[in-house]
Structure formats: structure tokens, C-alpha cells
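Colleague: I am new to this structure and would be grateful for a close look at a single part of it. Please begin with the terms and then describe the surroundings step by step.

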2 protein chains.
Amino acid sequence: MVTILDVARLAGVSKATVSRALNGKVFVREEVKARIMQAIEETGYKPNQLARNLANNKTNSVGLVITNGLYNGPFFSSMIYHAATNSEMHGRQLVLADGKHSAQEERDAIDLLLSLRCEAIMIYPKYLTVEELDEIIEQSETPIVVINRELVRHRSQCVFVDHQQSCAAMMAYLLAQGHTRIAFVAGSEGSPTGESRLAGYHNALRNAGIEPDPQLLVRGTWSTDSGYEAGRELLARDVPFTCVLAGNDDMAIGVAKACHEAGLRLPQDVSLAGFDDSVIGKYYNPSLTTIHVPMDEMIRHAVGIVLTPEDNASCSHQGELVRRESVRTLL
Amino acid sequence: MVTILDVARLAGVSKATVSRALNGKVFVREEVKARIMQAIEETGYKPNQLARNLANNKTNSVGLVITNGLYNGPFFSSMIYHAATNSEMHGRQLVLADGKHSAQEERDAIDLLLSLRCEAIMIYPKYLTVEELDEIIEQSETPIVVINRELVRHRSQCVFVDHQQSCAAMMAYLLAQGHTRIAFVAGSEGSPTGESRLAGYHNALRNAGIEPDPQLLVRGTWSTDSGYEAGRELLARDVPFTCVLAGNDDMAIGVAKACHEAGLRLPQDVSLAGFDDSVIGKYYNPSLTTIHVPMDEMIRHAVGIVLTPEDNASCSHQGELVRRESVRTLL
């Protein structure tokens, strides 16, 4: 029988630290947590959760609602991973339900998770508006936290990144490298994330005294395929640009393919940047300049809000510029 | 109020076809399904599932167990996507639960989903053995299907790809291009998928009269990071090879980075191939030769097995060679 002591020994920490990491109520450094998770895996240690659940008539689970159109990509797989890992750190099981294709179905998914007796619910909304989300929170007895939206009436029940500010930081960097003809591949129309990044792009240009050229704006739908199509469309317009900023890394990789096919070298002939800091950006050749979205932190925060609300207050997170090889300095 | 007729009109099909696609009992072409899903999204149509559930005292949900260590990557995000989409096609909601770090926790996740009254359960096991899975199926009143394992006693309750045969097909192709010094980046030790691919590699070499060189074998743990480390280790050994076959596409991309850093060009100086046919392989430069794993088909089949068992029989699927730019012909 493996005990918590075996885990502590293997991870080279005290029993109390393992316990703290598992109940999640006190801060434990990421690097130490990773060692503990590794040790749990290697020893096969299992906190006796199910027995506890049965005694409590509780499922000890945390629900997460995301719409299935978003599952298929590295950004959301990373989110689901962090949601599961952080739920586990709090001794809970993550249960994911599908928000499907409408605000009503997102509501249904929340209702399903409530009917499954989840202790708390996280939602990364696609269709529900901020006003509808505020109402849902007001009507629910179960704690609910909203990821990636700023709720006006419930600021302590949401976690988000200021996408417009992140985009401004990226644009400031690109402009400082001497790029003035910067094309933008926007995300899906109506997506608050996409619209914030687009607004950040427009504002940054205007603040630099550059009137945005509509010929330099194309739209994708977040996927690599759509980025490739957007890149082809942009190239077909035959307008000059020295840099492409894509609304996420997946689309940037698609744009890169379109550039290669057109015989353009990155970054010698065209510079490229994205958002999200997905794994592939680090490994792509050339490696991709991007904005790191602190997904792990945000999700840890979201889980904290619903499970240990007393420890959690602020809701806004900052993206961070990651400079790599794909942007060339023109100056 | 949006009706099924609005969806049918927009998709350019009959009401009956929409209905067939939604109840999932009859075959509807992929392309038509995609149009219908698009139309559902655009119109905001919602089959009145929740009302039906409430009447039935059923959750109308299908459970899926995967361990969280696997969530974080394109292969599993694609699997979760297909599982949700295919469940929806059958009028069900996908509920994902985390198998965590041991066979016991995989059992706990199944038990949780059963206690949530899921109608059927799919499991992509990491820790449970084939024998344990056979037992679980025998003891459960709820239909269970196992993904990516061949169950001897319950061949109609599993879907899998013959990884060894897929690897043999890849090796036959590489050998036919004149490669004889082929390095292999194996996946995690003890993973049945990894061991099957490794066996396929060894057998193919021996069948071609080539004794496997242990210096050409390195191990990763499926992630891009681990592929990068394995690539560096291989290069540090300073043994000659003309081609690297990685146990999945993620690791192949990591190997590519290690090669670039060492000043090796792909595919002029070294050829590279992977497995899974992940999105990035198509967009990488050079595009990556790989084995397509028919995930959509397998998951459609798995959902079919548990929800409409009368329509589903065989369990084995075939991987398919996808030839792209990353492998050079030496002859």
C-alpha cells in the first residue's frame, strides 16, 4: 500500500508539502508541484477520494463547460489539461461537458453539470453574453466562474486576460522593429477575444499615426486551415506588407505555409507573429514570436475562485510578449 | 423559434435527413453532416434534449475516461472533439472524466460516470490492463467500449488500430526509399501503442536483413519536448543515420528542432517521419510524412458500439501512410 510518505520521499519534500499541494489551499511552487505530481504517478499513490465521496454523498467534482467546436486544438487541450490537474490538486475530479452550438446549449450543459451534483462550475463561454452570465451566476447556488470574459457585475467570479492590451504590447514591439505595413489575420467574427485583439491592432496603428489599410485585414476562424486560407487571400491581394500578425498561433502556422508556397522566406521576406504561446510556436522553424497567455495561472485562479473563494480576489491576468526568431528587425 | 425545418432549408437537405443525422442511427455522409452541423450552428437550432431527459429521468450522456496526462496535445484534443461531435450526432452529451495516474483512478472515473447515470462509457485506458478491462465490461450493466486496445474476450466492445502493422507499412516505405540506417524515437516505456510501434520497427528491419542497432534507438514520452531531448541525445551519440522515425508526430517535431539546431537540413541531410497525422505535420516545413490514424472513424465506431450495438461489428481499423516532403529518396 503506497502512502503519502512514499510520495513525499520520492519528490524530496515533506508529507505536509504533499498534503498542501493536494488540498490546494496554500501556495506551492509550480516546480515542486510538478515533482509531486510525477511522484504520485510513479508511486501509484491514490488519495482515498471515492470512499470520502461516498461518505459525503458528494461527487467531489468540478464541472467545466466548453463548446466542442473549440476542443480540437492545442490551446484548449492545454486548458482542459490545466483544469483537470488543478481540480485534482484540490482533491476534485474534473467533469467536462459540451456547450455545443448556442447559448441555450451552454445553459443546458451548466444545468447538466448541476444535476450531476458538481460542487462548482467553470465555463469558457462562446455564446452566452456577459449579461446572461451575470444572471446565471446570480441564480445559481453552486459557485460558478467564467473564464475569458470580464463580468461587470461579478468581477470576483471571472478570470480573463486583457487581450487588447496584449495586442498593443505586440504591436509596440513590431512597430519598434520598423514594421509599418503589418497585416492582421483576425479570428472568428463576433468572438470577444478576436474583437479585442483586432481593436488592439487598430488602436496601436492609429496611435503610431498609421491609418489602418483594410487591404491588410483578413479573417480566419482560429484553425490552422483557416490561417492558411487567410494567408493565401492576403498574398493574392498583392499589397505590400513586411509582417503578418495572426490572431492566434494556429493561424500563424497556416499563414507560414501559404508564405512558403509563395516562395517567401520567414523571416527574411516576411515577419510573422501570433498569440497564445502554443507548444508548436516554440518548435516551429523559425520559432514563432507570440504573446504568452498565462493559461495555467488563469485556470488555477478559476479553480481557486470556486473552491476556496476566500483566497482569491483579482480577476485580470496579463499576456506577455515572447520574442523568438520569426520577426525580423528592419531598422 | 427555430425549427428543424429552418436547419434543413439552410443545409439544403430534407427534414428527415437532419433528423437522421441527429439521431445518428442511419448513415449520413460526412460532408452532409458537416453542412447540417454548420446550419445548426447558424440557426441556433436546439433539439429539446433537456426536456426529454427530464421526462426520462436520464442524463442522455455518454462518458469518456482519459487520463489528464494525455489531454495536453493535438491527438487527444482531436479525440475529445470527435467524441463530443459523434455523441451529439446521437443526441447525447459527452461527459469527460479524468483517469488520473493509476488503474484504480481509471476505475474510479468509470464509477463516477456510472454514478452520474451515463448511458454508456468509453475509455481510452492508460493503466488498466486488457484483463482488467475485460472484467470491468463483464461486471457492468452499462455498455462500455475500450478505445485503442484489442480485447480478447470482448472483441465487439473495443476499437483499435493495428499499430504494429502501420509501423511495418511506414518502414517498408522508408526502406524502399533507400534508408537502411533508420533511427527510432520510441514512446513511453510500457505503453502498448509505443511497444507495438517499436516491435513493428524491429521486425521490419529484421525482415529486410538488417540487424537493429541499439545506438539508433532513443526514448521519449510522446511530448514535443521529449522528442527534442531524444533528438539531441541521438545526435550526441554521433552514429550515422539517414532517417529518423518518431513514435508520434509531436516527437518528430521536437526531433526536427534538434536537427535544425545541429545545422542539419530536412530532408536534404536527414529524413523524418512520424505517426498520427496531426494537423501540424501538414503545415510544418517540410511537411511531415506520417501514418494517418483514423480517429474520427474509430470514435464514430466506438460511440456506435455503445449506443447502437446492432449496427456495429468489427473492431480493427487500419492506419494509412501519408507521404509528404520530409522523407528524401536516396536511390
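Modeller: Helices (H or I, at least four residues) and strands (E, at least two) are DSSP runs, numbered from the N terminus. In these terms, Asn248(A) sits in the loop between β8 (243-246) and α11 (249-261) of chain A. This is a predicted model, in which local features need pLDDT of at least 70 and side-chain atom pairs count only at pLDDT 80 or more, while totals for chains, interfaces and linings use all residues. Residues are numbered from 1 along each chain as its sequence is written, chains are lettered from A and ligands numbered from 1 in the order in which they are written, and side-chain values use heavy atoms, with hydrogens and water left out.

Asn248(A) has a relative accessible area of 6% and is therefore buried (under 20%, with exposed over 50% and partly exposed in between, for a 1.4 Å probe and protein chains only). Setting aside neighbours within four places in sequence, Asn248(A) is in contact (heavy atoms within 4.5 Å) with Arg197(A), Trp222(A), Gly274(A), Phe275(A) and Asp276(A).

Gly274(A) and Phe275(A) lead on to another residue of chain A, for they also appear among the contacts of Leu245(A). With neighbours within four places in sequence again left out, Leu245(A) touches Ala273(A) as well, together with Cys167(A), Met170(A), Met171(A), Leu174(A), Ile182(A), Ala183(A), Phe184(A) and Val185(A). The largest nonpolar core (buried Ala, Val, Leu, Ile, Met, Phe, Trp, Tyr and Cys residues joined through side-chain atoms within 4.5 Å) has 88 residues, and Leu245(A) and Leu245(B) touch the most other members. A second core, separate from it, has 58 residues, among them Leu64(A), Tyr71(B), Met122(B) and Val161(B).

Elsewhere in chain A, two helices pack together. The axes of α5(A), residues 74-89, and α13(A), residues 295-307, are 9 Å apart and meet at an angle of about 45 degrees. From α5(A), the residues Phe75(A), Ser78(A), Met79(A), His82(A), Ala83(A), Asn86(A) and Ser87(A) meet Met295(A), Asp296(A), Ile299(A), Arg300(A) and Val303(A) of α13(A).

For comparison, chain B offers a buried residue within a helix. Ile36(B) belongs to helix α3, residues 30-43 of chain B, and is buried, its relative accessible area being 1%. Beyond its neighbours within four places in sequence, Ile36(B) is in contact with Val7(B), Ala11(B), Val13(B), Thr17(B), Val18(B) and Ala21(B).

How values were computed: Axes are lines fitted to C-alpha atoms, for helices over the stretch in contact, and angles run from 0 to 180 degrees between N-to-C directions.
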